[in-house]
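Hello,

Here is the structure I promised to pass on to you. Have a look at it first, and my notes follow below.

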Amino acid sequence: MEAVKAILPAALLMALLGACSQKSGSASTAVLQTVQPETVALPSYALLDAPKDLDLIIVSIDTLRADRLPFYGAGNATGGSAETPWSLAWLAQQGTVIEQVWAPAALTLPSFGSFWTGLAPLEHGTTTNHGKVRAKNFAMQLAESGWVNHAVVSNGVLNPSCGLRRGFQSYQLSTNEEEDQASAKLLVKTGKTVARGQRRSLMWAHYMAPHQPYTPKAKHVGTFSKGLEVAGDRETLEALFAQPDSGSANVREHLRGLYDEEILTANDYVVEFLSGLDQQYQNAGRGGLLDNAIVVVMSDHGEELADHQSYFMHAKSLYRGVTQVPLLVLGGGWPAGQRQDVSLALADVLPMVIFGTEPQPGYSFSSWGSRFFVARDARWTLVHNPSGNPLGPEAPPLDVPFFYPQVALYDRQQDPLELHDVAAANPQVTRQMLDALSTWYEQLAIDGEAPTVELSDEEREQLESLGYATGSSDGATDLDKPWSGEQWNH
């Protein structure tokens, strides 16, 4: 994607990072060196061309909103202490931070489908959390080259039938209740592979926190939250959405604090896994983790946190808080302590890291099925609801609409949360972005409708408990197709 200015100007963001207060004894986050290449400044070699055989470690944190991390401008020290090896704050100092990475969807499976295949959800096989990724993924390509691949995932959406199991020698689903055991489970699998050192390995750890319910570890409760007797569960969040006046500003800040404490919880899991993996390499006499692997830390999507229409969760939203995700890359020649002020799609990440494929300049697109769309360039965000559907995406709670304007334009330089429509004042930009969106949609290699996976009663109950509709389908019509610029009559 085209190089872009940060949502806040880089100098201002750096000043904020240096000045923001830290809470509860956490270390301050060091200022990262910011560079502004036209596109991502890649190392001199990619994973498959490295001078020595490197493994690939993917650490993903579900529902992690980029701007709730200190190295993306947050005031709360949610990344843990920068003095603690393998914490998120430490990883940001040891690797490269990409400023803006855009998820293709507000749902886990479509988003991870794009991450693992490099394709849009409308191409790889599913636009919902109860479909199946059909396209060939990068884990399969590595396995065909002799790699040994292991994964432990803590979200029921990523169950073995979702299509991402292919290419992994071992693929374990860890339930929400067992998330604190996920790191240990994966380390059991990686131990033998690392000790032998005969074959390269892909290792994927996926953690569910900070997805709702916001239930941080007891040791983190009170770090950022307000101490109110208000649970961060689905029922509370849906009630605030249905009745915005039912929650005070203090309640909302309390819930955001619980969410931030959940990020600290996820940080604990990351430290446990990466420090354990580092020790395995050292015990094998191979040096440390970063001597032997490229590490990628990312998320599938973020969380609304009531930026729009008092909606706290994510499945209905395509706005920035949900679709901008963090990305850290370490090892394998990626510079330490560097922030790259560029923008790219989540689907660009693995081709870039594995093969050295430079992301192409242009637009980034997100969609909810084939009905609601977002396009972004270096400065602008276009939101498009072609049919004018007043109800919004079919995600729980189904009886509360999440309204998208038919056409709206937002200037992220002046309006980072995408709250103020300036389409009428910028008709030429609006038409250009509609044309880009329409062209992208027409060129997608769509191969029929995504199949529906037959879920067990237990799987269906788990998905519904997380706030996902398991019986809905896209059902798009010609009325939902993106407009060309000429069709916008303004």
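Helix α12, residues 427-443, is a good place to start in this predicted model. The helix lies across four strands, namely β11, β12, β13 and β14. Relative to β13 (380-384), α12 runs at about 65°.

Those strands belong to an open sheet of 4 strands, and their order is β11-β12-β13-β14. The pairing in this sheet is antiparallel. At its edges you will find β11 (364-368) and β14 (407-411), each of which pairs on one side only. From one strand to the next, the twist averages 15°.

If you would like to zoom in, try the β11 edge. Its partner there is β12, made up of residues 372-376, and the two strands pair in the antiparallel sense over 5 bridges. Within this pair, Trp-368 stands opposite Phe-372 of β12. As a general reminder, the strands of a sheet pair through backbone hydrogen bonds, in either a parallel or an antiparallel way.

Now for the chain as a whole. How many helices and strands does the chain have? There are 13 helices and 14 strands. The chain is 490 residues long, and 61% of these residues count as buried. Among contacts in the chain with a separation of 6 or more, 75% come from residues 24 or more positions apart. As for the surface, the chain exposes about 17900 Å², with 48% of that area supplied by carbon and sulfur atoms.

Enjoy exploring it, and do write back with any thoughts.

Best wishes

Terms used: Residues are numbered from 1 along each chain as its sequence is written. This is a predicted model: local features need pLDDT of at least 70, side-chain atom pairs count only at pLDDT 80 or more; totals for chains, interfaces and linings use all residues. Side-chain values use heavy atoms; hydrogens and water are left out. Two strands pair if DSSP finds at least two bridges between them. Axes are lines fitted to C-alpha atoms, for helices over the stretch in contact, and angles run from 0 to 180 degrees between N-to-C directions. Contact means heavy atoms within 4.5 Å. Buried means under 20% relative accessible area, exposed over 50%, partly exposed in between (1.4 Å probe, protein chains only). Accessible areas come from the Shrake-Rupley method with a 1.4 Å probe; for residues, only the protein chains shown count as cover.
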